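Good morning, colleagues. I should like to take you through one structure today, beginning with its strands and ending with a few individual residues.

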Amino acid sequence: MSYIDVKNVNKSFGEGAAMVKALNGINLSVNEGEICTILGQSGSGKSTLLNALGGLDNIDGGQIIIDGQDISKMHGEKLSEFRRKYLGFIFQFYNLVQNLTVLENIQVGEYLSASPLSITEILDILGLTELQDRFPNELSGGQQQRCAIGRAIVKNPKLLLCDEPTGALDYKTSKDILALLEKVNKNYGTTILIVTHNEAISRMAHKIVFMKDGNIDKMEKNTEQITADELSW
């Protein structure tokens with residue numbers, strides 16, 4: 001069994017004539033320690049799939065099995081506990097707590113874990129040691145995103161879900177963030193799913209998934225994987 005197994009997953013929004021089928025019988029498998037990019041235009045269903053994998057959206061049918069556990073059958077406290085224990089989330093918009101410092105924002109993630117990583121090490125890897133006492137409004141967009149990544153990975157999650165993590169960033173900062181995700185994958189063996197509309201990012205992934213109109217249009221292994229530093233667009 002793969003680390004992630006998505007089996008015939010369906011998800012709709014709305015009712016009657018206004019109903020939109022966001023996921024239409026999705027089947028997907030991802031191995032432990034892989035980076036997987038999910039590509040597609042707006043409305044293709046890629047963010048809905050990521051939210052379903054994170055237990056943020058309930059599905060209408062099918063199964064989502066992560067590390068041998070069927071999260072599609074989990075509800076309430078059991079689902080919350082699974083998210084705390086296994087998952088890290090990185091979004092396009094950083095969702096930092098404005099009245100907490102960089103260090104304190106990352107500590108929020110630490111408190112959620114029974115086996116957190118070293119905050120000192122995380123600050124060093126993310127280049128935030130000198131900025132740890134600053135507040136979010138004193139940081140650039142890239143620095144805020146690095147802080148959000150720190151908060152997500154300090155939990156030592158087995159699975160990191162990233163929804164357009166570079167969407168609001170410039171080219172250089174985007175490459176820096178992707179290099180950090182690559183480092184997290186290599187250093188900690190973290191399985192990473194990255195939803196993006198930027199096809200160039202897929203060149204650093206082990207697996208590439210293309211979505212269209214709520215379906216997986218095609219899926220392929222990347223046999224010519226390059227490093228984040230080598231990416232260009």
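Let me begin with a definition: two strands pair if DSSP finds at least two bridges between them. Helices (H or I, at least four residues) and strands (E, at least two) are DSSP runs, numbered from the N terminus. Please keep in mind that this is a predicted model, in which local features need pLDDT of at least 70 and side-chain atom pairs count only at pLDDT 80 or more, while totals for chains, interfaces and linings use all residues. Residues are numbered from 1 along each chain as its sequence is written, and side-chain values use heavy atoms, with hydrogens and water left out.

I start with strand β1. Strand β1 (residues 4-13) and strand β4 (residues 61-66) pair in the antiparallel sense over five bridges. Within that pairing, Asp5 stands opposite Ile65 of β4. β1 is also joined to strand β2 (residues 20-30), by eight bridges, and these two run antiparallel. One position to look at here is Ser12, whose bridge partner in β2 is Lys21. Together β1 and β2 make a hairpin with six residues between them, and Gly14 in the turn has a positive phi of about 80°.

How many of the 10 residues of β1 are buried? Seven of them are, so the strand is mostly covered, where buried means under 20% relative accessible area, exposed over 50%, and partly exposed in between (1.4 Å probe, protein chains only). Asn8 lies in this strand and is partly exposed, with a relative accessible area of 45%. Its phi is near 50°, a positive value in a residue other than glycine. As background, most residues other than glycine have a negative phi. Asp213, in the loop between β9 and β10, also has a positive phi, near 55°. Asp213 is exposed, because its relative accessible area is 57%.

I turn now to the open sheet. Six strands form it in the order β6-β7-β8-β3-β9-β10, with mixed pairing. Why do β6 (87-91) and β10 each have one side without a neighbour in the sheet? Both stand at the edges with a single partner strand, so one side of each is left free of a neighbour there. On average, neighbouring strands of this sheet are turned by 15° against each other, direction ignored. Axes here are lines fitted to C-alpha atoms, for helices over the stretch in contact, and angles run from 0 to 180 degrees between N-to-C directions.

Helix α1 (residues 46-53) packs on this sheet, touching β3 (35-39), β6, β7, β8 (191-196) and β9 (207-212). Contact means heavy atoms within 4.5 Å. The direction of α1 makes about 150° with that of β8. At the β6 edge, five bridges join β6 to β7 (residues 159-163), and the two run parallel. Phe89 stands opposite Leu161 in β7.

Next, the aromatic rings. A search of the whole structure finds three aromatic pairs. Rings of Phe, Tyr and Trp (its six-membered ring) pair if their centres lie within 6.5 Å; planes under 30 degrees apart count as stacked, over 60 as edge-to-face and the rest as tilted. One of these pairs is Phe82 with Tyr86, stacked at 4.7 Å centre to centre and 20° between the planes. Both residues lie in helix α2 (residues 76-86), four residues apart, about one turn of the helix, and both are buried. Another is Tyr171 with Trp233: their ring centres are 4.9 Å apart and their planes at 75°, so the pair is edge-to-face. Tyr171 lies in helix α6 (residues 171-188) and Trp233 in the segment after β10, so the pair ties together parts that are 62 residues apart in sequence. Tyr171 is partly exposed at 37% relative accessibility, and Trp233 is partly exposed at 42%.

I close with two buried residues. Asn222, in the segment after β10 (215-221), counts as buried because its relative accessible area is 18%. A polar atom of its side chain lies 2.9 Å from the backbone oxygen of Arg203. Not counting residues up to four places away in sequence, Asn222 touches Ser202, Arg203, Met204, Ala205, His206 and Ile208. Ile177, in helix α6, is buried with a relative accessible area of 1%. Ile177 and Pro165 are 12 residues apart in sequence, and their C-alpha atoms are 8.0 Å apart in space.

Definitions and conventions:
A polar contact is a pair of N or O atoms within 3.5 Å; within protein, one must be able to donate a hydrogen and the other to accept it, and residues adjacent in sequence count only if both atoms are side-chain atoms.
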